[in-house]
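Morning, everyone. Please have the structure open on your screens. I'll take it residue by residue, then move out to the whole assembly.

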There are 2 protein chains.
Amino acid sequence: MAKEATKIKIIQKGADLIHTGGFNNTGINEILEAASVAKGSFYFYFKSKDDFGMQLIDYYLNYNRAKVEKYLNNPGLSPVQRLKDFFNDYKRYFLKAGCTRGCPFGNLSQEMSDTNETFRKKLQKSFSELESSIKQCLAEAQKAKEISRSLDVEILSNFIINSWEGSLITMKLEKSIEPLNIFEHMVFDVILKV
Amino acid sequence: MAKEATKIKIIQKGADLIHTGGFNNTGINEILEAASVAKGSFYFYFKSKDDFGMQLIDYYLNYNRAKVEKYLNNPGLSPVQRLKDFFNDYKRYFLKAGCTRGCPFGNLSQEMSDTNETFRKKLQKSFSELESSIKQCLAEAQKAKEISRSLDVEILSNFIINSWEGSLITMKLEKSIEPLNIFEHMVFDVILKV
């Protein structure tokens, strides 16, 4: 297998393991074994475990960018509907996954923010990118008079993401999709109706 | 030192280390060393690392119960003011802690929910206890006509806790208290004013 293809396979298998077990608690050899790559060859593909972590975050970022493109930037729907579809797509994912895992960005932020500045900065940039997409969509909703001009879209996009991240923790904890239904209800039927 | 006092010391030092480093990633010997307790004596105090984990959660629960008693159950203030004071007390804690650590219940829920049923059930019970206290306070706010009867206090208490947990992740990530200010604004100036 070519170097690049093997690298991608390691990242994908690592993503799988880390999504459940966490970054610090998942060993390099465990990842290589899952990817069927020879033990000890990790540093042929990555400069360090942190370097691997950064490429892992890029992998998640690209996954999310495709969702943003498909749902948040869908020109055929109203801005609020796009936002709803975006979160509903993730809800379907979590339903299929039995309410496990949660958001890899949120998980890594929680795990790494106090102990690894490289991770913290990269994750902060990732969240900020997602926040921009949501803010943009909310600004369009305001322009289209779908939501009130009294709402501050900057504050709102922050709060929506924070609420989403917390709802995913409770989803994992309760092994129930209900927290995501509550999120949807509170955001779309209460807050955006203000 | 008496057995019980040593046990409490181990739990306190363990709480400190786990709050930053996570449960799986904090070793038993590391905890004993921080507590100045002889290496190898862990099983004299605890049946297992999980048993220690359960007592750690009880330790956090008691800490939170005191806050609930002091703020949420304060008969001298209006229900909404009590709720505000409760979250503000934690905000002061996080300001002092330089926006690190986050909520131990949220952290452990995120880390353990998919891999350890003993933790998951105990944490679920803990969150459910906190939710009840908040729901009770919101119901009293409704009775006192401080908030609208159209709000469902069950859904609301869930959403408030979820939003709080997510806001703490972003606080850790951004090393800024702003996400907690946004939480306060959205809950008290927007949602509870519906």
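Start with B:Phe52. What does it touch, once its neighbours within four places in sequence are set aside? The contacts are B:Ile10, B:Ile11, B:Gly14, B:Ile18, B:Phe23, B:Ile31, B:Phe42 and B:Phe46. This is a predicted model, so keep that in mind throughout. B:Phe52 sits in helix H4 of chain B, residues 49-72. Is this residue buried or exposed? B:Phe52 has a relative accessible area of 0%, under the 20% cut-off, so it counts as buried. One distance to go with that. From B:Phe52 to B:Ile28 is 24 residues in sequence, and 9.7 Å in space, C-alpha to C-alpha.

Now chain A, and its backbone. Two residues deserve a look. A:Cys99 has a positive phi, near 60°, and it is not a glycine. Where is it? A:Cys99 lies in the loop between helix H5 (79-96) and helix H6 (104-112) of chain A. With a relative accessible area of 7%, A:Cys99 is buried.

Next, A:Lys145. Here too phi is positive, about 60°, in a residue that is not a glycine. A:Lys145 is placed in the loop between helix H7 (117-143) and helix H8 (153-174) of chain A. Buried or exposed, for A:Lys145? Exposed: the relative accessible area is 72%, and the cut-off is over 50%. So we have a positive phi at a buried loop residue, A:Cys99, and another at an exposed loop residue, A:Lys145.

Zoom out to the whole of chain A. How many helices and strands does it have? Nine helices, zero strands. From the N terminus on, every element in the run is α. The C-alpha atoms fill a box of roughly 60 × 30 × 30 Å along the principal axes. Chain A has 194 residues, and buried ones make up 54% of them. Take the contacts in chain A with a separation of 6 or more: 63% of those join residues 24 or more positions apart.

On to the pair of chains. Chain B lies on chain A with an RMSD of 0.0 Å, after a turn of 180° and a shift of 0.0 Å along the axis. The two copies are therefore related as by a two-fold rotation axis. And which surface do they use? Of the interface residues of chain B, 100% are also interface residues in chain A, so the copies meet through the same surface.

How much do they share? In contact are 41 residues of chain B and 41 residues of chain A. Between them the chains bury about 3800 Å², and 65% of that is on carbon and sulfur atoms.

Then the polar side of the interface. There are two salt bridges between chain B and chain A. One of them joins the side chains of B:Lys175 and A:Asp114, at 2.7 Å, N to O. There are also 13 residue pairs in polar contact between the chains, both residues at pLDDT 80 or more.

Which elements of chain B give two or more residues to the side that touches chain A? Helix H6 (104-112), helix H7 (117-143), helix H8 (153-174) and helix H9 (178-190). H8 of chain B gives the largest share, 14 residues. By type, that side of chain B divides into 15 nonpolar, 18 polar and eight charged residues.

That's my tour. Over to you.

How values were computed:
Residues numbered from 1 in each chain as written. Chains lettered and ligands numbered in written order. Predicted model: local features only at pLDDT ≥ 70, side-chain atom pairs only at ≥ 80, totals over all residues. Heavy atoms only, no water. Contact = heavy atoms within 4.5 Å. Buried area = accessible area lost by both parts, 1.4 Å probe. Salt bridge = Lys/Arg side-chain N within 4 Å of Asp/Glu carboxyl O. Polar contact = N/O pair within 3.5 Å; in protein donor to acceptor, adjacent residues only side chain to side chain. Helix = DSSP H or I, 4+ residues; strand = E, 2+ residues; numbered from the N terminus. Nonpolar A, V, L, I, M, F, W, Y, C, P; charged D, E, K, R; others polar. Least-squares fit on C-alpha atoms with pLDDT ≥ 70 in both. Buried < 20%, exposed > 50% of the residue type's maximum accessible area, 1.4 Å probe, protein only.
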